[in-house]
Amino acid sequence: MCDDTQEGHRHDHHPHTPLEQRAKPDEFRVVITGKGGVGKTSLTALLARLLARDAYRVLALDADPQMNLPYALGLPDDRARTLVPLSQNPDYVEEKTGTRPGAGWGLFFRLNPDVADVVERFGVVAPDGVRLLVMGNTVQPAAGCLCPENSLLAAVANAVSLRRGEAILLDTQAGIEHFGRALAQGFRHAVVVTDPTFNGVQVALHAARLAQKLQIPAIHLAVNRVRNDGDMDRVSQILEDHGNFPFTTRHLLPYEEQLLQSEPDVGPLLASSNSTFLRAVGELRDALLRVEFERWHRAS
(Lines give C-alpha, C1' and ligand atoms only; values in the text may rest on other atoms or scores of the structure.)
Protein backbone atom coordinates (compact mmCIF):
# COMPACT_ATOMS: atom_id res chain seq x y z
CA MET A 1 0.00 0.00 0.00
CA CYS A 2 2.98 2.28 -0.45
CA ASP A 3 1.25 4.29 -3.12
CA ASP A 4 0.99 7.95 -4.01
CA THR A 5 -2.63 8.74 -4.73
CA GLN A 6 -1.74 11.93 -6.55
CA GLU A 7 1.04 10.61 -8.75
CA GLY A 8 0.41 6.87 -8.97
CA HIS A 9 2.29 3.94 -7.46
CA ARG A 10 6.02 4.56 -7.16
CA HIS A 11 8.99 3.17 -5.27
CA ASP A 12 11.81 5.43 -6.43
CA HIS A 13 13.81 6.92 -3.57
CA HIS A 14 16.39 9.66 -3.51
CA PRO A 15 19.77 8.67 -2.13
CA HIS A 16 20.25 9.56 1.52
CA THR A 17 21.89 12.98 1.60
CA PRO A 18 21.80 15.57 4.38
CA LEU A 19 18.38 17.11 4.85
CA GLU A 20 19.61 20.62 4.13
CA GLN A 21 20.58 19.45 0.61
CA ARG A 22 17.19 17.86 -0.05
CA ALA A 23 14.63 20.30 1.36
CA LYS A 24 14.42 23.49 3.37
CA PRO A 25 15.10 22.19 6.89
CA ASP A 26 13.04 24.92 8.55
CA GLU A 27 9.94 23.60 6.80
CA PHE A 28 10.35 19.84 7.42
CA ARG A 29 7.82 19.42 10.20
CA VAL A 30 5.83 16.21 10.75
CA VAL A 31 2.95 15.62 13.17
CA ILE A 32 2.02 11.98 13.88
CA THR A 33 -1.59 11.45 14.94
CA GLY A 34 -4.36 8.86 15.13
CA LYS A 35 -6.36 6.81 17.63
CA GLY A 36 -4.73 5.83 20.88
CA GLY A 37 -2.96 2.48 20.83
CA VAL A 38 -2.34 2.23 17.08
CA GLY A 39 1.46 2.62 17.36
CA LYS A 40 2.00 6.37 16.89
CA THR A 41 4.76 6.60 19.49
CA SER A 42 6.78 3.64 18.19
CA LEU A 43 6.49 5.03 14.66
CA THR A 44 7.60 8.49 15.80
CA ALA A 45 10.60 7.01 17.58
CA LEU A 46 11.63 4.91 14.58
CA LEU A 47 11.31 7.83 12.15
CA ALA A 48 13.31 10.05 14.49
CA ARG A 49 16.15 7.59 14.92
CA LEU A 50 16.27 6.66 11.22
CA LEU A 51 16.54 10.35 10.29
CA ALA A 52 19.22 10.88 12.93
CA ARG A 53 21.21 7.92 11.59
CA ASP A 54 21.11 9.64 8.20
CA ALA A 55 22.89 12.61 9.83
CA TYR A 56 19.80 14.79 10.15
CA ARG A 57 19.42 16.99 13.22
CA VAL A 58 16.20 15.70 14.80
CA LEU A 59 13.95 17.22 17.45
CA ALA A 60 11.23 14.87 18.76
CA LEU A 61 8.34 16.41 20.69
CA ASP A 62 6.20 14.34 23.06
CA ALA A 63 2.74 15.93 23.34
CA ASP A 64 1.00 12.80 24.57
CA PRO A 65 0.13 12.95 28.30
CA GLN A 66 1.17 9.29 28.65
CA MET A 67 4.80 10.39 28.00
CA ASN A 68 5.91 7.15 26.33
CA LEU A 69 8.17 8.69 23.67
CA PRO A 70 11.26 8.85 25.95
CA TYR A 71 11.01 5.09 26.51
CA ALA A 72 10.33 4.36 22.84
CA LEU A 73 13.40 6.33 21.80
CA GLY A 74 15.49 4.18 24.15
CA LEU A 75 16.17 6.65 26.96
CA PRO A 76 17.17 4.70 30.10
CA ASP A 77 14.24 4.16 32.46
CA ASP A 78 15.85 6.02 35.37
CA ARG A 79 16.41 9.05 33.14
CA ALA A 80 12.97 8.89 31.51
CA ARG A 81 11.22 8.77 34.89
CA THR A 82 12.84 12.05 35.95
CA LEU A 83 11.51 14.04 33.00
CA VAL A 84 8.91 16.66 33.90
CA PRO A 85 6.63 17.82 31.07
CA LEU A 86 6.53 21.54 30.46
CA SER A 87 2.84 21.75 31.34
CA GLN A 88 3.70 20.44 34.83
CA ASN A 89 6.76 22.63 35.41
CA PRO A 90 5.31 25.38 37.62
CA ASP A 91 8.56 27.35 37.89
CA TYR A 92 9.00 27.61 34.12
CA VAL A 93 5.31 28.39 33.59
CA GLU A 94 5.51 31.20 36.13
CA GLU A 95 8.83 32.48 34.78
CA LYS A 96 7.43 32.80 31.27
CA THR A 97 3.78 33.72 31.84
CA GLY A 98 3.97 35.53 35.18
CA THR A 99 1.50 33.15 36.84
CA ARG A 100 1.81 29.70 38.40
CA PRO A 101 -0.47 26.91 37.16
CA GLY A 102 -3.64 26.57 39.22
CA ALA A 103 -3.11 29.93 40.92
CA GLY A 104 -6.77 30.84 40.45
CA TRP A 105 -9.13 32.52 38.04
CA GLY A 106 -9.04 36.12 36.92
CA LEU A 107 -5.28 36.56 37.12
CA PHE A 108 -3.35 38.30 34.39
CA PHE A 109 -0.64 36.36 32.55
CA ARG A 110 1.33 36.71 29.35
CA LEU A 111 -0.49 35.23 26.37
CA ASN A 112 2.62 35.21 24.15
CA PRO A 113 5.58 34.40 26.40
CA ASP A 114 9.11 34.23 25.00
CA VAL A 115 10.10 30.55 25.08
CA ALA A 116 12.97 30.60 22.60
CA ASP A 117 15.17 28.93 25.25
CA VAL A 118 12.89 25.94 25.86
CA VAL A 119 14.72 23.27 23.82
CA GLU A 120 18.16 24.28 25.09
CA ARG A 121 16.98 24.28 28.72
CA PHE A 122 14.74 21.23 28.79
CA GLY A 123 15.62 19.14 25.75
CA VAL A 124 17.45 15.89 26.48
CA VAL A 125 19.61 13.83 24.14
CA ALA A 126 18.27 10.37 23.33
CA PRO A 127 20.04 7.54 21.44
CA ASP A 128 21.41 8.39 17.98
CA GLY A 129 21.56 12.04 19.04
CA VAL A 130 17.83 12.68 18.81
CA ARG A 131 16.88 15.75 20.86
CA LEU A 132 13.71 15.15 22.91
CA LEU A 133 11.34 17.69 24.46
CA VAL A 134 8.42 16.53 26.60
CA MET A 135 5.56 19.02 26.35
CA GLY A 136 2.79 17.29 28.28
CA ASN A 137 -0.96 17.70 28.00
CA THR A 138 -2.14 20.86 26.29
CA VAL A 139 -5.54 20.91 27.98
CA GLN A 140 -5.49 20.66 31.77
CA PRO A 141 -8.56 19.05 33.43
CA ALA A 142 -11.04 21.62 34.81
CA ALA A 143 -8.68 24.43 33.84
CA GLY A 144 -10.44 25.56 30.67
CA CYS A 145 -8.55 26.81 27.64
CA LEU A 146 -7.37 30.15 28.98
CA CYS A 147 -4.73 29.25 31.56
CA PRO A 148 -0.99 29.96 31.88
CA GLU A 149 0.20 26.42 31.08
CA ASN A 150 -1.84 26.32 27.87
CA SER A 151 -0.52 29.76 26.94
CA LEU A 152 3.00 28.47 27.50
CA LEU A 153 2.49 25.34 25.36
CA ALA A 154 0.93 27.33 22.52
CA ALA A 155 3.99 29.57 22.57
CA VAL A 156 6.28 26.51 22.59
CA ALA A 157 4.50 25.07 19.53
CA ASN A 158 4.96 28.38 17.73
CA ALA A 159 8.61 28.73 18.75
CA VAL A 160 9.43 25.19 17.67
CA SER A 161 7.88 25.78 14.24
CA LEU A 162 10.33 28.65 13.73
CA ARG A 163 13.46 26.64 14.53
CA ARG A 164 15.81 26.14 11.60
CA GLY A 165 18.11 23.34 10.56
CA GLU A 166 16.14 20.54 12.22
CA ALA A 167 13.70 17.83 11.25
CA ILE A 168 10.91 18.06 13.82
CA LEU A 169 8.57 15.18 14.67
CA LEU A 170 5.58 15.63 16.97
CA ASP A 171 3.89 12.67 18.69
CA THR A 172 0.35 13.60 19.74
CA GLN A 173 -2.45 12.12 21.74
CA ALA A 174 -5.48 10.95 19.77
CA GLY A 175 -6.50 13.62 17.26
CA ILE A 176 -5.04 17.10 16.85
CA GLU A 177 -8.01 19.27 17.84
CA HIS A 178 -6.38 20.34 21.08
CA PHE A 179 -3.49 22.02 19.26
CA GLY A 180 -5.40 24.05 16.70
CA ARG A 181 -3.55 26.49 14.52
CA ALA A 182 -0.78 27.05 17.06
CA LEU A 183 0.43 23.55 16.21
CA ALA A 184 -0.34 23.61 12.50
CA GLN A 185 1.76 26.69 11.87
CA GLY A 186 4.95 25.50 10.21
CA PHE A 187 3.97 21.81 10.12
CA ARG A 188 3.77 20.68 6.50
CA HIS A 189 3.18 16.94 6.98
CA ALA A 190 0.68 14.93 9.02
CA VAL A 191 1.12 11.16 9.29
CA VAL A 192 -2.24 9.68 10.24
CA VAL A 193 -1.78 6.24 11.81
CA THR A 194 -4.45 3.55 12.06
CA ASP A 195 -4.75 -0.18 12.55
CA PRO A 196 -7.07 -2.35 10.42
CA THR A 197 -10.11 -1.67 12.65
CA PHE A 198 -13.28 0.32 12.07
CA ASN A 199 -12.62 2.67 15.01
CA GLY A 200 -9.02 3.24 14.01
CA VAL A 201 -9.90 4.13 10.43
CA GLN A 202 -12.76 6.40 11.56
CA VAL A 203 -10.42 8.37 13.82
CA ALA A 204 -7.84 8.49 11.03
CA LEU A 205 -10.36 10.00 8.61
CA HIS A 206 -11.40 12.58 11.20
CA ALA A 207 -7.78 13.50 11.92
CA ALA A 208 -6.99 13.75 8.21
CA ARG A 209 -9.92 16.07 7.54
CA LEU A 210 -9.01 18.22 10.52
CA ALA A 211 -5.40 18.43 9.37
CA GLN A 212 -6.70 19.54 5.98
CA LYS A 213 -8.80 22.29 7.64
CA LEU A 214 -5.69 23.40 9.51
CA GLN A 215 -4.02 23.73 6.09
CA ILE A 216 -1.35 21.08 6.62
CA PRO A 217 -0.56 20.46 2.94
CA ALA A 218 0.71 16.85 2.92
CA ILE A 219 -1.36 14.23 4.76
CA HIS A 220 -0.12 10.63 4.74
CA LEU A 221 -1.88 7.43 5.81
CA ALA A 222 0.03 4.68 7.63
CA VAL A 223 -1.92 1.44 8.24
CA ASN A 224 -0.15 -0.39 11.05
CA ARG A 225 -0.21 -4.06 12.16
CA VAL A 226 -1.32 -5.43 8.81
CA ARG A 227 -1.29 -9.25 8.84
CA ASN A 228 -2.75 -10.11 5.43
CA ASP A 229 -4.49 -8.83 2.32
CA GLY A 230 -7.83 -9.08 4.07
CA ASP A 231 -6.75 -6.40 6.54
CA MET A 232 -5.99 -4.02 3.70
CA ASP A 233 -9.24 -4.86 1.92
CA ARG A 234 -11.10 -4.01 5.12
CA VAL A 235 -9.34 -0.65 5.49
CA SER A 236 -9.98 0.22 1.83
CA GLN A 237 -13.67 -0.63 2.19
CA ILE A 238 -14.09 1.45 5.35
CA LEU A 239 -12.39 4.41 3.67
CA GLU A 240 -14.62 4.07 0.63
CA ASP A 241 -17.80 3.74 2.70
CA HIS A 242 -17.03 6.92 4.64
CA GLY A 243 -16.10 9.35 1.92
CA ASN A 244 -12.45 8.41 1.47
CA PHE A 245 -9.72 11.05 1.57
CA PRO A 246 -7.06 12.20 -0.93
CA PHE A 247 -4.04 11.12 1.12
CA THR A 248 -0.75 12.34 -0.30
CA THR A 249 0.76 8.87 0.22
CA ARG A 250 -0.48 5.60 1.71
CA HIS A 251 1.70 3.06 3.53
CA LEU A 252 1.30 -0.48 4.80
CA LEU A 253 3.20 -1.32 8.01
CA PRO A 254 3.17 -5.10 8.53
CA TYR A 255 2.58 -6.73 11.88
CA GLU A 256 5.94 -7.17 13.65
CA GLU A 257 6.21 -9.60 16.55
CA GLN A 258 9.71 -8.35 17.39
CA LEU A 259 8.38 -4.85 17.96
CA LEU A 260 5.93 -6.16 20.55
CA GLN A 261 8.66 -8.19 22.24
CA SER A 262 11.02 -5.21 22.58
CA GLU A 263 8.29 -2.67 23.36
CA PRO A 264 8.55 0.16 24.31
CA ASP A 265 12.17 0.57 23.12
CA VAL A 266 12.54 0.51 19.32
CA GLY A 267 16.30 0.04 19.60
CA PRO A 268 16.31 -3.77 19.22
CA LEU A 269 14.24 -3.51 16.06
CA LEU A 270 16.75 -1.06 14.58
CA ALA A 271 19.42 -3.71 15.08
CA SER A 272 17.45 -6.21 12.99
CA SER A 273 18.63 -6.80 9.45
CA ASN A 274 15.51 -8.55 8.16
CA SER A 275 12.58 -6.61 9.60
CA THR A 276 9.85 -5.98 7.02
CA PHE A 277 8.30 -3.47 9.42
CA LEU A 278 11.51 -1.45 9.66
CA ARG A 279 11.85 -1.53 5.89
CA ALA A 280 8.29 -0.18 5.56
CA VAL A 281 9.02 2.64 8.01
CA GLY A 282 12.11 3.47 5.96
CA GLU A 283 9.89 3.76 2.88
CA LEU A 284 7.59 6.12 4.78
CA ARG A 285 10.58 8.24 5.77
CA ASP A 286 11.71 8.37 2.14
CA ALA A 287 8.21 9.35 0.99
CA LEU A 288 8.05 12.23 3.48
CA LEU A 289 11.41 13.54 2.33
CA ARG A 290 10.58 13.04 -1.34
CA VAL A 291 7.31 14.99 -1.07
CA GLU A 292 9.03 17.80 0.81
CA PHE A 293 11.92 17.90 -1.64
CA GLU A 294 9.57 18.03 -4.63
CA ARG A 295 7.49 20.79 -3.00
CA TRP A 296 10.60 22.83 -2.29
CA HIS A 297 11.92 22.22 -5.82
CA ARG A 298 8.67 23.44 -7.36
CA ALA A 299 8.64 26.52 -5.11
CA SER A 300 12.21 27.43 -6.06
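A residue counts as buried under 20% relative accessible area, as exposed over 50%, and as partly exposed in between. Keep that scale at hand as you move through this predicted model, where the tour follows a few of the 12 salt bridges.

Start by selecting Arg 121. With a relative accessibility of 41%, Arg 121 is partly exposed. Now add Asp 117 to the selection: Arg 121 and Asp 117 form a salt bridge, and their closest N and O atoms are 3.0 Å apart.

Stay on Asp 117 and bring in Lys 96. Here is another salt bridge, with 3.3 Å between the closest N and O atoms. Asp 117 sits in the loop between α5 (90–97) and α6 (118–122), while Lys 96 belongs to helix α5, so this pair ties together parts that are 21 residues apart in sequence. Colour the two by accessibility if you like: Asp 117 is partly exposed at 22%, whereas Lys 96 is buried at 12%.

Next, go to helix α6 and pick Glu 120. Which residue should you show beside Glu 120 to see a salt bridge? Choose Arg 163: the closest N and O atoms of this pair are 3.3 Å apart. Arg 163 lies in the loop between α7 (148–161) and β7 (167–172), and the pair links distant parts of the chain, 43 residues apart. Arg 163 has a relative accessibility of 17%, so it counts as buried.

For the last stop, keep Glu 120 and Arg 163 on screen and add Arg 57 and Glu 166. Salt bridges with shared partners join these four residues, Arg 57, Glu 120, Arg 163 and Glu 166, into one network.

How values were computed
Residues are numbered from 1 along each chain as its sequence is written. This is a predicted model: local features need pLDDT of at least 70, side-chain atom pairs count only at pLDDT 80 or more; totals for chains, interfaces and linings use all residues. Side-chain values use heavy atoms; hydrogens and water are left out. A salt bridge is a side-chain nitrogen of Lys or Arg within 4 Å of a carboxyl oxygen of Asp or Glu. Helices (H or I, at least four residues) and strands (E, at least two) are DSSP runs, numbered from the N terminus. Buried means under 20% relative accessible area, exposed over 50%, partly exposed in between (1.4 Å probe, protein chains only).
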